[in-house]
Amino acid sequence: ESLERVLINLLTNAYKYGGSHVLIEAGSRDGEVRIVVADDGPGVPAETIPDLFEPFTRGPGAPGRGSGLGLAIARTLVESFDGEIHYEPGMPSGARFVMTLPIPAEGT
């Protein structure tokens, strides 16, 4: 359920702030699962990137009434599974949020 909340947050953000196309990629390699949520919107403003995963961070002109807690909570949830989440600018535009999680050993 926790990881489901992270994916819902990333997808909601992509549809709210991104362009008209949203892409989900998933795969596994070297004992990790990698999930990418990407959009073709304007991307995250450069001045927002350093604090993107900090509580109450919202981009300039962000639509709606968000609290700015979604990505901070997402990071906490992903890290609780010993994973990582980060932002990458899309090429040539857009946003990419990349989550990597270790694959649990069988029987755990």
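**Exercise 1. Arg96 in this predicted model**

Arg96 has a relative accessibility of 19% and counts as buried. Explain why Arg96 falls in that class, then find which residue forms a salt bridge with Arg96 and state the class of that residue.

Solution.
1. Buried means under 20% relative accessible area. Arg96, at 19%, is therefore buried.
2. The salt-bridge partner of Arg96 is Glu88, with 3.2 Å between the closest N and O atoms.
3. Glu88 has a relative accessibility of 25% and counts as partly exposed.

**Exercise 2. Arg29 and Asp30**

Decide whether Arg29 is buried or exposed, and do likewise for Asp30. Then check the distance between their closest N and O atoms against the salt-bridge cut-off.

Solution.
1. The relative accessibility of Arg29 is 66%, so Arg29 is exposed.
2. For Asp30 the value is 71%, so Asp30 is exposed.
3. The closest N and O atoms of Arg29 and Asp30 are 3.7 Å apart. The cut-off is within 4 Å, so the pair forms a salt bridge.

**Exercise 3. Arg75 and Glu54**

Where in the chain do Arg75 and Glu54 lie, and how exposed is Arg75 and Glu54?

Solution.
1. A salt bridge joins the side chains of Arg75 and Glu54, at 3.4 Å from N to O.
2. This pair connects distant parts of the chain, 21 residues apart. Arg75 belongs to helix H2 (residues 70-80), while Glu54 sits in the loop between strand E2 (32-39) and H2.
3. Arg75 is partly exposed at 24% relative accessible area, and Glu54 is partly exposed at 34%.

**Exercise 4. The count**

How many salt bridges does the model have by this rule?

Solution. The count comes to three salt bridges.

Technical notes:
Residues numbered from 1 in each chain as written. Predicted model: local features only at pLDDT ≥ 70, side-chain atom pairs only at ≥ 80, totals over all residues. Heavy atoms only, no water. Buried < 20%, exposed > 50% of the residue type's maximum accessible area, 1.4 Å probe, protein only. Helix = DSSP H or I, 4+ residues; strand = E, 2+ residues; numbered from the N terminus.
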